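I opened this entry to keep track of what I looked up, residue by residue and then by region. Notes follow in the order in which I made them.

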Amino acid sequence: MAQTKTKSRFIGWFAPIILLILWQLSIVTGIIRFRYFPSPVAVAQAFLRLANSGRFYGNLSHTVIVTLVAWIIATILGVLFGLLIGLSLPVWKGVMASVDVLRSLPIIALVPVGVIIFGFTLRLEIVIATYAALWPILVNTVSGVRQTRSELLDIGRIIRMSRVERVWKLILPSALPLILVGLRLGLGLSLVLAIVTEIVGTPNGIGYALINAEQALHPAQMFVYILVTGVIGYLLNGLFIFSARRILSTEKSAEKN
Amino acid sequence: MRKVARMTISRRDDGKGVAPLRGLVPLVILLAIWQLFGSTHSVFFPRPSLWWDAVVKIERSGTLWPSLVATSETFIEAIIVATLIGAVLGIAIGSVKWGDSAFNPVLDFLRNLPAAAVVPAAAIILGTNSKMALVIVVFSCIWPILLNTRAEIRRVSVVLSNVITNVGLRGFRKQSVIVGSVLPSVLLGVRVAAPLALIVTILAEFITNISGLGSLLVSAQQNFDSPEVYGLLVVAGLLALFVNIVVSLVEAPIVRRHGPSV
């Protein structure tokens with residue numbers, strides 16, 4: 001069993017390595033002939049050069065911090081308003097259609113609106129990233145709360161739990177899996193929109209560095225930044241799934257006790 | 001006591017479902033207040049009636065419809081290409097035993113790669129044209145289709161392949177049975193992919209300035225023509241709504257025929 005697992009892991013590393021080798025070979029041999037398509041070796045060299053410069057880490061941390069700040073604001077707002085809308089049927093009927101309209105606006109079309117209001121500032125980045133992350137969190141909180149089994153709520157009423165207690169001890173735990181899904185989607189969107197605003201014009205962060213590298217015709221550097229965004233997304237996602245599993249498993253073991 | 005009973009019933013009958021239209025009232029009130037008290041000359045928050053005027057102005061200048069057509073063209077072509085490639089790759093990876101372990105790390109990485117970051121790279125390599133936009137949109141919206149198809153083929157493959165061998169299907173008929181069984185999942189993937197594809201299409205136009213809704217938005221923003229920006233935002237929203245409706249319409253009969261995907 002353990003052997004097959006290490007074997008499958010080995011296969012997993014195999015494919016990317018083969019892809020990289022094919023990429024390198026096809027450029028060296030001239031099969032792929034694009035003027036600005038760097039080889040993996042050139043990308044690796046560019047990475048080493050960038051990794052020794054201080055601005056690389058400045059841009060990196062800027063984007064990560066913006067992403068996380070926007071995500072945290074969106075989480076607070078989304079869960080709060082999600083509870084408000086999900087807990088009360090009249091409120092849900094009264095505002096949910098508006099929420100649906102607002103969340104289905106293509107977020108990218110909101111960027112110019114944001115630029116006109118805020119200019120290319122840090123505030124623009126945070127507002128846009130927050131707006132993008134808000135909706136999946138809010139909508140998932142609403143449906144999580146509304147899918148709480150009515151038997152559970154009946155029990156809460158029978159044992160005379162207060163309203164706050166019912167929300168805290170019954171509704172939130174049962175909505176948690178869906179809320180976590182919303183949080184994960186929100187985290188990804190927050191990162192993407194932070195990068196989009198940087199590409200469009202905010203003079204900081206990975207997106208800005210990326211577009212600079214493009215305009216300076218440094219494709220290898222640009223690929224480094226693309227890979228870095230991929231790695232950030234991958235790591236944030238992985239970190240979130242890891243902690244969400246921890247949260248859910250403690251939740252489950254608490255249920256068993 | 002009566003109140004408790006009512007609450008229980010109401011929770012039971014609309015736990016899900018479509019939100020009633022009267023939920024639009026807050027939005028309408030907000031726009032009405034904006035219209036009544038907004039200033040005509042506000043750069044940040046122009047009145048909604050000005051948005052309409054701005055869209056009419058773009059229409060008169062003759063750039064609105066060609067841009068919408070350009071955006072829709074890229075979008076529709078990308079959805080078709082992504083569906084075909086995604087379904088074929090999904091079936092291929094899903095039906096090979098070592099497919100998952102071999103490709104999971106690569107797929108995981110690629111689908112987490114933000115499309116926005118890839119746009120400049122595609123622009124510099126392929127040049128700024130609508131073909132580049134197509135490549136980018138396909139690249140970013142193929143994942144839900146591919147992954148859904150792969151998961152479905154994995155789910156049905158044991159029973160289905162037994163049936164196929166027992167009945168003795170070969171060649172084209174075998175393939176058509178497989179395709180039919182994964183079709184609902186493919187469509188579920190398309191449902192997720194379609195809004196994403198529209199956003200990435202506009203994004204590609206936005207960043208590289210190839211003609212379309214995105215480049216109209218950029219030029220409006222660069223001229224600080226805020227009524228135009230708001231108006232185009234509404235146009236983009238309507239386009240997204242339209243896409244959603246079309247996808248549901250296409251999906252419904254196929255799901256009815258082949259059963260819902262889980």
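**V192(A).** I looked up the accessibility of V192(A) and got a relative accessible area of 23%; buried means under 20%, so V192(A) is partly exposed. The model is a predicted one. I placed V192(A) in helix α8 of chain A, residues 163-200. I then listed contacts, leaving aside neighbours within four places in sequence, and found P114(B) and A116(B). I also took the C-alpha separation of V192(A) and T67(A): the two are 125 residues apart along the chain and 8.5 Å apart in the model.

**L77(A).** I found L77(A) in helix α3 of chain A, which covers residues 54-87. Is L77(A) buried or exposed? Neither: L77(A) has a relative accessible area of 33% and is partly exposed. Apart from residues up to four places away in sequence, L77(A) touches G82(A) and L134(A). From L77(A) to I137(A) I noted 8.8 Å, C-alpha to C-alpha, for a sequence separation of 60 residues.

**E59(B).** I turned to chain B and found E59(B) in helix α3 of that chain, residues 48-61. The relative accessibility of E59(B) is 35%, which counts as partly exposed. Not counting residues up to four places away in sequence, E59(B) touches L64(B) and W65(B). I checked E59(B) against I145(B) as well; the C-alpha atoms are 36 Å apart, with the two positions 86 residues apart in sequence terms.

**S215(B).** I located S215(B) in helix α9 of chain B, residues 213-222. The relative accessible area of S215(B) is 12%; the cut-off for buried is under 20%, so S215(B) is buried. With neighbours within four places in sequence left aside, the contacts of S215(B) are E205(B), F206(B), N209(B) and I210(B).

**Positive phi.** One of those contacts, N209(B), led me to backbone angles. Most residues other than glycine have a negative phi. N209(B) is not a glycine, yet I read a positive phi of about 65 degrees. Where does N209(B) lie? N209(B) is in the loop between α8 (171-208) and α9 of chain B. The relative accessibility of N209(B) is 48%, so N209(B) counts as partly exposed. In chain A I noted L217(A), also not a glycine, with a positive phi of about 55 degrees. L217(A) sits in the loop between α9 (205-215) and α10 of chain A, and at 42% relative accessibility L217(A) counts as partly exposed.

**Nonpolar core.** I pulled up the largest nonpolar core, which has 140 residues. Which members touch the most other members? I wrote down M96(A), V111(A), L193(A), M222(A) and I226(A) from chain A, with L213(B) and L232(B) from chain B. Helix α7 of chain B, residues 130-167, gives the most to this core, 16 residues. For L232(B) I listed the partners beyond four places in sequence: V55(B), I58(B), L64(B), L213(B), L216(B), L217(B) and A220(B).

**Second largest pocket.** I next took the second largest pocket, with about 1,700 Å³ of space. There are 41 lining residues, and those closest to the centre are L19(A), V106(B), F109(B), L110(B) and F139(B). How does the lining divide by residue type? I have 35 nonpolar, four polar and two charged residues. Helices that each supply at least two lining residues are α1 (2-28) and α10 (219-256) of chain A, and α4 (64-95), α5 (99-112), α6 (115-126) and α7 of chain B. Of these, α1(A) has the largest share, ten residues.

**Confidence in chain B.** I finished with pLDDT. Chain B averages 82, and 90% of the residues score at least 70. Which helix of chain B has the lowest confidence? The lowest is helix α1 of chain B, residues 2-13, at a mean of 41, while α4(B) is highest at 92. Residues 1-15 of chain B have a pLDDT below 50, and this stretch has 17 contacts in the model beyond near neighbours in sequence. Where pLDDT is low, the predicted coordinates should not be read in detail.

Note on methods. Residues are numbered from 1 along each chain as its sequence is written. Chains are lettered from A and ligands numbered from 1 in the order in which they are written. This is a predicted model: local features need pLDDT of at least 70, side-chain atom pairs count only at pLDDT 80 or more; totals for chains, interfaces and linings use all residues. Side-chain values use heavy atoms; hydrogens and water are left out. A nonpolar core is a set of buried Ala, Val, Leu, Ile, Met, Phe, Trp, Tyr and Cys residues joined through side-chain atoms within 4.5 Å. Buried means under 20% relative accessible area, exposed over 50%, partly exposed in between (1.4 Å probe, protein chains only). Helices (H or I, at least four residues) and strands (E, at least two) are DSSP runs, numbered from the N terminus. Contact means heavy atoms within 4.5 Å. On a 1 Å grid over the protein atoms alone, a cavity is a set of points where a 1.4 Å probe fits but cannot get out, and a pocket is an open set with protein on both sides within 12 Å along at least five of seven lines; lining residues have an atom within 4 Å of a point. Grid points are joined across faces, edges and corners, and a volume is the space filled by probe spheres set on the points. Ala, Val, Leu, Ile, Met, Phe, Trp, Tyr, Cys and Pro count as nonpolar, Asp, Glu, Lys and Arg as charged, and the others, Gly among them, as polar. pLDDT is the predictor's confidence in each residue, from 0 to 100.
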